[in-house]
Amino acid sequence: MTELRRCKKCLLPETHESITFDDSGVCSVCRQVEFKKEKIDWAKRKKELGELIESYRGKYDYDCIVPFSGGKDSTWTLYYLMKEYKIKPLVVRFDHGFLRPNLNENTTRVLRNLGADFHTFTPNWKVVQKLMLQSFLEKGDFCWHCHTGIFSYPMHVAIRYNVPLIFWGEPTSEYTSYYGYDQDEEVDEKRFNRVTNLGITALDMAVRLGGTMDERDFKPYSYPPLKDLRKLQYRSLCLGSFIPWDVRTQSRIIQDELGWNGDLVENVPGQYNYEKIECYMQGVRDHIKYIKRGYTRPTHLASIDIRNERMTREEGFEMIDRYEGKEPPSLEIFLELVGLTKEEFYKIAESHAVSPWKFGSIAREIGDKLPDFDKWARSGKMETENAELQISNWKKSQ
């Protein structure tokens with residue numbers, strides 16, 4: 001396997017999306033977090049947040065929309081806005097199809113403790129299957145439907161319910177370099193196309209699938225027309241642009257105040273039981289990232305703790321060696337749901353490797369099954385012939 005260049009401060013490798021290194025070998029994300037800690041007047045930012053909320057309060061059926069997965073970041077966003085500013089929000093969830101039992105229990109508990117109206121949407125599973133397989137074939141990332149739906153569907157709800165203010169969680173500048181903390185980062189169509197949709201619009205996806213689906217099926221994954229959003233006079237912003245983001249501290253608070261429970265995630269150290277607990281396909285997503293980029297979530301988590309002086313680089317390397325690269329047990333479920341063999345899976349994933357990383361053929365250690373593994377839904381398997389047709393059409397387009 002390839003040895004990757006890594007940041008001299010944290011552990012992010014050169015294959016991390018949007019990363020750059022300065023002359024000292026320190027990555028752009030570390031420099032952004034330094035700017036966040038040293039250069040931003042957070043008291044001024046918080047005052048701006050209060051003024052923004054007051055300019056919308058009481059003028060609509062809801063003061064704002066909070067897109068909500070039930071994970072740590074969206075739960076903190078909802079908690080903070082309701083407790084600090086006493087807002088009346090509409091909580092909007094796009095159900096990607098892989099919500100874990102504990103996550104659903106958390107959602108019920110949080111919403112009952114806070115008291116908020118909840119709007120949830122679950123898309124057509126047959127459509128989701130095709131989108132998952134196609135985005136995996138095209139980009140080595142089966143989560144296109146999830147990410148586009150999460151960021152586009154609440155915008156449709158904002159128009160439908162006439163709620164112009166939308167609050168998301170952390171800005172992308174916390175973890176990537178598509179934007180920096182010295183820039184104004186609004187969660188708009190520009191960011192959607194730059195960061196979220198893998199360079200594939202809903203119209204692109206419809207074409208790639210050969211017109212086999214009703215065009216209305218793509219609406220939840222398409223950004224609303226700009227003219228409609230401008231008519232609404234919308235503002236779509238990250239709470240983390242107004243208050244400093246610290247996931248460990250925030251997770252502890254929602255656990256104490258709301259009874260939000262953490263969970264184990266495949267091939268992630270147990271002390272990070274607040275991280276990515278929403279989705280039972282998370283282990284597969286992380287494993288694909290390892291095949292493509294040579295690192296996965298433990299590197300990300302170690303880098304956050306190193307920047308916050310909670311871990312040394314040596315401790316981070318030890319954690320990476322222990323947890324990264326293992327095949328997740330959930331892979332068998334994923335393969336059934338999209339109609340692939342394991343051999344096809346690895347061949348497709350490796351075709352999307354980011355240079356200079358090369359995964360290579362190695363003996364793959366299998367990670368541990370999680371306690372709720374047997375509760376993960378395996379219904380709705382894709383028919384093999386349907387998957388074969390999709391794969392065949394993709395190959396012809398190459």
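The lining of the largest cavity in this predicted model divides into 4 nonpolar, 5 polar and 5 charged residues. That cavity has a volume of about 70 Å³. There are 14 residues in its lining, and those closest to the centre are Asn267, Asp286, His287, Thr296 and Lys326. Two elements give two or more residues each to this lining: α11, which covers residues 282-293, and α12, which covers 297-307. Of the elements, α11 gives the most, with 4 residues. If you look through the whole model for cavities of 30 Å³ or more, the count comes to 3.

Next, a look at an open space. The second largest pocket holds about 350 Å³. It is lined by 18 residues, and the closest to its centre are Arg45, Glu48, Asp184, Ser241 and Phe242. Helix α2 (42-56) and strand β5 (235-238) are the elements that give two or more residues to the lining of this pocket. The most comes from α2, with 4 residues. By class, the pocket lining has 6 nonpolar, 4 polar and 8 charged residues.

Now to the helices and how they pack. Here are three pairs to find in the structure.

| Helix pair | Axis distance | Angle |
|---|---|---|
| α12 and α13 | within 9 Å | roughly 165° |
| α5 and α14 | within 9 Å | roughly 110° |
| α14 and α15 | 10 Å | about 90° |

Start with α12, which you have already met at the largest cavity, where it gives two or more residues to the lining. Its partner here is α13, made of residues 313-323. The axes of the two cross at roughly 165°, and α12 and α13 are therefore roughly antiparallel to each other. The crossing of α12 past α13 is right-handed. On the α12 side, the residues in this contact are Pro298, Thr299, Ala302 and Ile306, and on the α13 side they are Arg313, Gly316, Met319, Ile320 and Tyr323. Sorted by class, the contact of α12 with α13 has 6 nonpolar, 2 polar and 1 charged residues.

The next pair joins parts that lie well separated in the numbering: α5 takes in residues 125-139, while α14 takes in residues 331-338. Their axes cross at roughly 110°, so α5 and α14 are roughly perpendicular to each other. Trp125, Gln129, Met132 and Leu133 of α5 meet Phe334, Leu337 and Val338 of α14. This contact of α5 with α14 is made of 6 nonpolar residues and 1 polar residue, with no charged ones.

Helix α14 also packs against α15, which spans residues 342-350. The angle is about 90°, and α14 and α15 are therefore roughly perpendicular to each other. From α14, the contact uses Leu331, Phe334 and Leu335, and from α15 it uses Lys342, Phe345 and Tyr346. In the contact of α14 with α15 there are 5 nonpolar residues, no polar ones and 1 charged. You may recognise Phe334: this α14 residue is part of the contact with α5 and part of the contact with α15.

Two details of the backbone round off the tour. Past α15, in the loop that runs between α15 and α16 (384-397), you will find Pro356. The peptide bond that leads from Ser355 into Pro356 is cis, and its omega is near 10°. At the other spot, Ser18 lies in the segment before α1 (28-38). The phi of Ser18 is near 70°, a positive value in a residue other than glycine.

Key: Residues numbered from 1 in each chain as written. Predicted model: local features only at pLDDT ≥ 70, side-chain atom pairs only at ≥ 80, totals over all residues. Heavy atoms only, no water. 1 Å grid on protein atoms, 1.4 Å probe; cavity = no way out; pocket = protein on both sides within 12 Å on 5 of 7 lines; lining within 4 Å. Points joined across faces, edges and corners; volume = space filled by probe spheres on them. Nonpolar A, V, L, I, M, F, W, Y, C, P; charged D, E, K, R; others polar. Axes fitted to C-alpha atoms, helices over the stretch in contact; angles between N-to-C directions. Parallel < 35°, antiparallel > 145°, perpendicular 65-115°, else oblique. Left-handed = near helix turned anticlockwise from the far one by under 90°. Contact = heavy atoms within 4.5 Å.
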